[in-house]
Amino acid sequence: MLEAKEISWFQGQKTILHKVNFQLSAGECVGLIGPNGSGKSSLLKILAFLEPPTSGQLFFQGNPMPATVPLAIRRRIAIVFQESLLLNTKVFDNVALGLKIRGLPNKKIREQVDFWLEQFGVAHLSKQSARSLSGGEAQRVSLARAFAIEPDILFLDEPFSALDAPTKEALRGDLAKVFKSTKTTTVIVSHDFKDILHLTKRALILLNGKAVREGSPAQLLKEKHNEEVDRFLSHFSA
Ligand SMILES: Nc1ncnc2c1ncn2[C@@H]1O[C@H](COP(=O)(O)OP(=O)(O)OP(=O)(O)O)[C@@H](O)[C@H]1O
């Protein structure tokens with residue numbers, strides 16, 4: 001579905017990503033983990049076509065991508081950030097917007113929006129102003145909005161990190177159920193290894209802009225790596 005070959009990204013004098021390789025197959029959920037500043041969000045932005053890499057090549061469904069990825073391809077991707085970035089309209093309209101832009105008929109839009117709000121347990125908030133939502137509710141609406149467009153790839157950048165522990169656990173559980181039923185191809189960035197253990201079968205560890213290890217989350221926790229990786233992983237347990 002998506003492949004990155006030898007991706008590097010420089011900003012000024014700084015090397016933010018260095019020759020990172022990455023593959024994502026259809027139906028997979030892959031985690032990007034690593035300490036603060038290791039390059040997780042930068043890699044996600046490049047994989048999601050928000051930033052062109054300085055060097056290296058991205059392939060989407062086997063096709064090499066130009067520096068400016070065509071809108072038709074970018075529209076097949078959905079992104080959810082740490083902050084929910086909802087518009088100051090009703091919850092329903094927030095979720096409907098992406099479908100309107102894509103030209104879906106009104107009946108289909110209503111069905112999709114209702115379905116996805118229901119999946120994330122926020123159907124009762126449909127007519128409420130998005131601005132009045134709690135952090136947890138807003139993030140549920142953001143996820144409903146992302147899934148509603150049935151993206152080819154979903155990118156989640158620290159989707160739970162603004163939430164308190166119980167809110168986060170409930171949402172992570174609901175998201176795991178949705179993944180199970182939809183098999184949505186996903187890349188998730190989190191600094192919390194528990195998220196990665198719960199939601200993914202494969203993860204990539206980034207350190208100083210380099211992809212240093214890859215494997216099943218449980219295996220990554222068990223194995224010995226180099227000193228820096230071991231220090232990072234020592235904060236978590238299976
Ligand atoms: N547009 C930019 N210009 C200059 N430096 C940048 C830019 N974007 C990111 N960086 C730098 O690149 C490094 C990696 O940042 P990035 O946000 O990708 O890391 P991260 O692993 O997601 O960190 P965190 O867990 O703290 O969010 C940091 O040192 C950051 O300051």
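## Around the ligand

Let's start at the ligand, whose surrounding residues are Gln11, Lys14, Ile16, Gly34, Asn36, Gly37, Ser38, Gly39, Lys40, Ser41, Ser42 and His191. Please keep in mind as you read that this is a predicted model. Sorted by class, the shell around the ligand holds nine polar residues, two charged ones and one nonpolar one.

Which elements supply this shell? Strand or helix, at least two residues each come from β2 (14–24) and α1 (40–47). The element that gives the most is α1, with three residues.

## The annotated domain

An unreviewed UniProt entry places the feature "domain: ABC transporter" at residues 2–233. In the model, that span is 38% helix and 25% strand. The C-alpha atoms at the two ends of residues 2–233 are 27 Å apart.

## Helix α3 against α4

Now to the helix packing. Helix α3 covers residues 91–101 and helix α4 covers residues 106–119. Their axes lie 9 Å apart, and the packing angle is about 130°. An angle over 145 degrees would count as roughly antiparallel and one of 65 to 115 as roughly perpendicular, so α3 and α4 are oblique to each other. The crossing of α3 past α4 is right-handed.

On the α3 side, the contact is made by Phe92, Val95, Ala96, Leu99 and Lys100, while α4 brings Ile109, Gln112, Val113, Trp116 and Leu117. Eight residues of this α3 and α4 contact are nonpolar, one is polar and one is charged.

## Helix α3 against α5

Helix α3 also packs with helix α5, which runs over residues 135–148. The axes of α3 and α5 come within 8 Å and cross at roughly 25°. Angles under 35 degrees count as roughly parallel, which means that α3 and α5 are roughly parallel to each other. Their crossing is right-handed.

Here α3 contributes Val91, Asn94, Val95, Gly98 and Leu99, and α5 contributes Val141, Ala144, Arg145 and Ala148. By class, the contact of α3 with α5 has six nonpolar residues, two polar and one charged. If you are following along in the structure, look again at Val95 and Leu99: these α3 residues take part in the contact with α4 and in the contact with α5.

## Helix α5 against α6

The last pair joins α5 to helix α6, residues 165–182. Their axes cross at roughly 15° and come within 10 Å. How are α5 and α6 oriented to each other? With that crossing angle, α5 and α6 are therefore roughly parallel. The crossing of α5 past α6 is right-handed.

From α5, the contact takes in Gly136, Gln139, Arg140, Leu143 and Phe147; from α6, Thr167, Leu171, Leu175 and Val178. The residues of the α5 and α6 contact comprise five nonpolar, three polar and one charged.

How values were computed. Residues are numbered from 1 along each chain as its sequence is written. This is a predicted model: local features need pLDDT of at least 70, side-chain atom pairs count only at pLDDT 80 or more; totals for chains, interfaces and linings use all residues. Axes are lines fitted to C-alpha atoms, for helices over the stretch in contact, and angles run from 0 to 180 degrees between N-to-C directions. Helices (H or I, at least four residues) and strands (E, at least two) are DSSP runs, numbered from the N terminus. A crossing is left-handed if the near helix is turned anticlockwise from the far one by less than a right angle, and right-handed if clockwise. Two residues are in contact if their C-beta atoms, placed from the backbone, lie within 7 Å. Ala, Val, Leu, Ile, Met, Phe, Trp, Tyr, Cys and Pro count as nonpolar, Asp, Glu, Lys and Arg as charged, and the others, Gly among them, as polar. A residue is near a molecule or strand if its C-beta atom, placed from the backbone, lies within 6 Å of it. UniProt positions are given in the numbering used here, feature names are shortened, and annotations may be inferred rather than shown by experiment.
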